[in-house]
Amino acid sequence: MPVPFEALLPFGIIAAMFTVTGTGLTTVRYFANDRKPGRFNVDIFDRAMMERDRRLTGSARGQSTEPVAPAAFATNSVWYADVPRHN
């Protein structure tokens, strides 16, 4: 049984919309991560290092090659605002 050609036009439109939204989401994630691939399987240590990098460089994906942290790094601790969690 052949497929009527009228069914191909809506199918093409739906497929194009999925492609456009998928490409748009990938592009937004790429630029939100400082033009680097997105991270996956991030554990507690990785989150701590991302927070440290954000405080050092201003970006969660940025890294610093300076051997000594800037003077402001000593006073902008995340612990001041952290709420302790009790299990």
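## A guided tour from Arg35

Begin by selecting Arg35, which is exposed because its relative accessible area of 56% is over the 50% cut-off. The model on the screen is a predicted one. Arg35 belongs to the loop that joins H1 and H2.

**Across to Arg61**

Keep Arg35 selected and add Arg61, which is found in the segment after H2. The two residues are 26 places apart in sequence, and their C-alpha atoms are 9.4 Å apart in space. Which residues does Arg61 touch, leaving aside its neighbours within four places in sequence? Display the side chains of Asn33, Asp34, Lys36, Pro37, Gly38 and Arg39: Arg61 is in contact with each of these. Arg61 is buried, yet this residue forms no salt bridge. The nearest side chain of opposite charge belongs to Asp34, at 6.4 Å. A salt bridge requires a nitrogen and a carboxyl oxygen within 4 Å.

Pause at Asp34 itself. This residue follows H1 and has a positive phi, near 55°.

**Along helix H1**

Next, select residues 8-32, which form helix H1. The expected span of its 25 residues, at 1.5 Å a residue, is 36 Å; the C-alpha atoms at its two ends are 36 Å apart, so expectation and model agree. The student can repeat this check in the viewer by drawing a distance between the end C-alpha atoms.

Within H1, select Val20. Is Val20 buried or exposed? Its relative accessibility is 51%, and Val20 therefore counts as exposed. Now add Leu9, Ile13 and Met17 to the selection and switch on a surface. Together with Val20, these residues make a nonpolar surface patch of about 410 Å².

**Along helix H2**

Move on to residues 44-57, which form helix H2. The same kind of check applies here. At 1.5 Å a residue, its 14 residues should span 20 Å, and the end C-alpha atoms are indeed 20 Å apart, so the two values agree. Just after H2, select Gly58, where phi is positive, at about 90°.

**The salt bridges**

How many salt bridges are counted in the model? The count is two.

For one of them, select Glu51 and Arg54, whose side chains meet at 2.5 Å, N to O. Why are these two residues about one helical turn apart? They are three residues apart in helix H2, which accounts for that separation. Glu51 is partly exposed, because its relative accessible area is 23%. Arg54 is also partly exposed, at 40%.

Then select Asp53 and Arg52, whose side chains meet in a salt bridge at 3.0 Å, N to O. Here one partner is buried: Asp53 has a relative accessible area of 7%, and buried means under 20%. Arg52, at 35%, is partly exposed.

**The whole chain**

Finally, clear the selection and view the chain entire. The chain contains two helices and zero strands. What share of its 87 residues counts as buried? The share is 5%, and the tour has visited Arg61 and Asp53 as buried residues. The chain exposes about 8,000 Å², of which carbon and sulfur atoms supply 65%.

Notes: Residues numbered from 1 in each chain as written. Predicted model: local features only at pLDDT ≥ 70, side-chain atom pairs only at ≥ 80, totals over all residues. Heavy atoms only, no water. Helix = DSSP H or I, 4+ residues; strand = E, 2+ residues; numbered from the N terminus. Expected span 1.5 Å × (residues − 1). Buried < 20%, exposed > 50% of the residue type's maximum accessible area, 1.4 Å probe, protein only. Areas by Shrake-Rupley, 256 points an atom, 1.4 Å probe, with all protein chains shown as cover. Patch = residues over 30% accessible without salt bridge, like charges linked within 9 Å, V, L, I, M, F, W, Y side chains within 5 Å. Lys, Arg positive; Asp, Glu negative; His and termini not counted. Contact = heavy atoms within 4.5 Å.
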